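Below are some notes on this model, set out point by point. Please read them with the structure open.

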Amino acid sequence: MRNLTALLFLLSLCSLQLVSSVPTIFNHITQCCTGTSKWKIPLKNIVTYWWTSNNCSIKAIVFETLNNGKHYRCVDPTAVWVNNHMKTVDRKNKKL
């Protein structure tokens, strides 16, 4: 009986940890943009980027910037400067 109780307790802890980590794992995937910014973001402020999910109605790149905290900017992936910024961020992050 003790073994069964211990096993159930252990399973409960594992499932609790799994459930609490889900928002962190899927945070980037589930965010969609309601529009895109036309302003060019200074490259020095960009930390990372990702594409919006295929389930989103607007296909966009989300740039994460650090300006007095984290900020997210949705931008048009067809803009010339966006592609250049993505390549530079990739090179910068590879060095880390």
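1. Helix α2 contains 16 residues, and the distance from its first C-alpha to its last is 24 Å. That is close to the 22 Å expected at 1.5 Å a residue. The model is a predicted one, and the values here should be read as computed from it.

2. Which residues of α2 are buried? They are Trp81, Val82, His85, Met86 and Val89. These residues lie on the same side of α2, because the arc they cover around the axis is only 135°. The other side of the helix carries the exposed residues Val80, Arg91, Lys94 and Lys95.

3. What do the buried residues of α2 pack against? Their partners are the strands β1, β2 and β3, the last of these spanning 70–75.

4. Met86 gives a closer view of that packing. The residue belongs to α2, which runs over residues 80–95. Its relative accessible area is 11%, and the cut-off for buried is under 20%, so Met86 counts as buried. With neighbours within four places in sequence left aside, Met86 is in contact with Tyr49, Trp51, Ile61 and Phe63. Met86 and Ile46 are 40 residues apart along the chain, and their C-alpha atoms are separated by 9.3 Å.

5. Thr52 sits in the loop that joins β1 (46–51) and β2 (61–66). Is this loop residue buried or exposed? Thr52 has a relative accessibility of 4% and therefore counts as buried. A polar atom of the Thr52 side chain lies 3.2 Å from the backbone oxygen of Ile58. Not counting residues up to four places away in sequence, Thr52 touches Gln31, Cys33, Ile58, Lys59, Ala60 and Val62.

6. How many salt bridges does a search of the whole structure find? The search finds one. In a salt bridge, the side chains of Lys70 and Glu64 meet at 3.7 Å, N to O. The two residues fall into opposite classes of accessibility: Lys70, at 54%, counts as exposed, whereas Glu64, at 8%, counts as buried.

7. To recap for checking on screen: look first at the buried side of α2, with Met86 among its residues, and the strands β1, β2 and β3 that it packs against. Then turn to Thr52 in the loop between β1 and β2, and to the salt bridge between Lys70 and Glu64.

How values were computed: Residues numbered from 1 in each chain as written. Predicted model: local features only at pLDDT ≥ 70, side-chain atom pairs only at ≥ 80, totals over all residues. Heavy atoms only, no water. Helix = DSSP H or I, 4+ residues; strand = E, 2+ residues; numbered from the N terminus. Buried < 20%, exposed > 50% of the residue type's maximum accessible area, 1.4 Å probe, protein only. Polar contact = N/O pair within 3.5 Å; in protein donor to acceptor, adjacent residues only side chain to side chain. Contact = heavy atoms within 4.5 Å. Salt bridge = Lys/Arg side-chain N within 4 Å of Asp/Glu carboxyl O. Expected span 1.5 Å × (residues − 1). Arc of directions from axis to C-beta.
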